[in-house]
Amino acid sequence: MLANINHKDKTYQIDLSKPLDISLSLRGDSKNPIAWYLGPPVIEPVKDGDFIGKVTEGAAVNFNNVKFNPHAHGTHTECVGHITREFHSINQTLKNFFFTAKVISVTPENWLEDMEITQVMIQKLLKKGETDALVIRTLPNYIEKRSRKYSHTNWPFLSENAATYIRECGVQHLLIDLPSVDKEKDDGKLLAHKAFWNYPKNTRFEATITELIYVPNSIPDGEYLLNLQIASFENDAAPSKPVLYKLL
């Protein structure tokens, strides 16, 4: 199924039958990726007296409770409400779902005891006004990312200057394959989050950050169309399913 997309005086063609899913699924076991010092998600049948919501236990249907944290257990999209005293809902923030996107791959650099994604790296790969969404794949890109336990690993992070540059390039939606754009332990500074959202001086309420994606090596760097779908949660963040389409 081919579709023609007109956007900013350009025409793109995509094949809707060939989606490239860059989300991580939620599992109720230890193979799920985990961050922020939590255990794995729990997916288990409802139990009420003699009733067990599982067909193999005699029920007519499978009827599970799911317990998880959007920020810690898989691909999620968040709005500025993640860092504000006031409540802001991602479900009210994200109202459009198709965007031009650029996939880039970067190798974080050693910086003291940390690994940092710098402004210089991003400047080499992104120009102002180039795209609505930026998808960052960190290298090396092992498939083990799909089930990695990130707590206490001091993962790579986006520098404040890099996040500012991305904002100044006009990127509205930032996606990355890490649990956070910021350092794991930064004393609550959240410099990259604040720089990207331009908080609190001139807050970009419409902008979003999507974390814990996984971009397979089979997807080359370059331009795509992004379909960014979220679960309809009235919360600062919600599980999401970003899908890329190759531009033909």
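Let me begin with one residue, Leu-212, which is buried at a relative accessible area of 1%. Leu-212 sits in the loop between strand 15 and strand 16. Its phi is positive, near 60°, and Leu-212 is not a glycine. Please keep in mind that this is a predicted model.

Now the whole chain. The protein chain holds four helices and 17 strands. Its radius of gyration is 19 Å, close to the 18 Å that the globule rule gives for 248 residues, so the chain is as compact as a globular protein of that length. The C-alpha trace spans about 60 × 50 × 40 Å along its principal axes. Of the 248 residues, 48% count as buried. Among contacts with a separation of 6 or more, 72% are between residues 24 or more positions apart. The accessible surface comes to about 13000 Å², and carbon and sulfur atoms account for 51% of that. As for charge, there are 28 positive and 30 negative side chains, and the centres of the two sets lie 3 Å apart.

Next, the loop between strand 12 (133–138) and strand 13 (157–158), where we find Ser-151. What does Ser-151 touch, beyond residues up to four places away in sequence? The list is Ile-34, Ala-35, Trp-36, Tyr-37, Leu-38 and Glu-184. With Trp-36 there is a specific polar pair: a polar atom of the Ser-151 side chain lies 3.3 Å from the backbone nitrogen of Trp-36. Glu-184 is 33 residues from Ser-151 in sequence, but their C-alpha atoms are 8.1 Å apart.

His-152 lies in that loop between strand 12 and strand 13 as well. His-152 counts as exposed, because its relative accessibility is 59% and the cut-off for exposed is over 50%. Its phi is positive, about 65°, although His-152 is not a glycine. Pro-140 also has its place in the loop between strand 12 and strand 13, and a cis peptide bond joins Leu-139 and Pro-140, with omega about 0°.

From His-152 we can step across to Lys-185, since a polar contact of 3.4 Å joins their side chains. Lys-185 is in the loop between strand 14 and helix 4. Is Lys-185 buried or exposed? Exposed, with a relative accessible area of 52%. Outside its neighbours within four places in sequence, Lys-185 is in contact with Tyr-37 and His-152. Lys-185 and Asn-154 are 31 residues apart in sequence, with 7.4 Å from C-alpha to C-alpha.

On to helix 3, residues 160–168. Its buried residues are Ala-162, Ala-163, Thr-164, Tyr-165, Ile-166 and Arg-167. They pack against strand 11, helix 2, strand 12, strand 13, strand 14 and helix 4. After helix 3 comes Gly-170, with a positive phi near 90°.

A second cis peptide bond joins Tyr-199 and Pro-200, with omega about 5°. Pro-200 is in the loop between helix 4 and strand 15 (208–211).

Last, Asn-227, in strand 16 (residues 222–230). Asn-227 is buried, with a relative accessible area of 11%. Where does its side chain reach? To the backbone oxygen of Phe-97, at 3.1 Å. Leaving aside neighbours within four places in sequence, the contacts of Asn-227 are Phe-97, Phe-98, Lys-241, Pro-242, Val-243 and Tyr-245.

Key:
Residues are numbered from 1 along each chain as its sequence is written. This is a predicted model: local features need pLDDT of at least 70, side-chain atom pairs count only at pLDDT 80 or more; totals for chains, interfaces and linings use all residues. Side-chain values use heavy atoms; hydrogens and water are left out. Helices (H or I, at least four residues) and strands (E, at least two) are DSSP runs, numbered from the N terminus. The radius of gyration is taken over C-alpha atoms; the globule rule is 2.2 Å times the number of residues to the power 0.38. Buried means under 20% relative accessible area, exposed over 50%, partly exposed in between (1.4 Å probe, protein chains only). Contact means heavy atoms within 4.5 Å. Accessible areas come from the Shrake-Rupley method with a 1.4 Å probe; for residues, only the protein chains shown count as cover. Lys and Arg count as positive and Asp and Glu as negative; His and the chain ends are not counted. The place of a charge is taken as NZ of Lys, CZ of Arg, CG of Asp or CD of Glu. A polar contact is a pair of N or O atoms within 3.5 Å; within protein, one must be able to donate a hydrogen and the other to accept it, and residues adjacent in sequence count only if both atoms are side-chain atoms.
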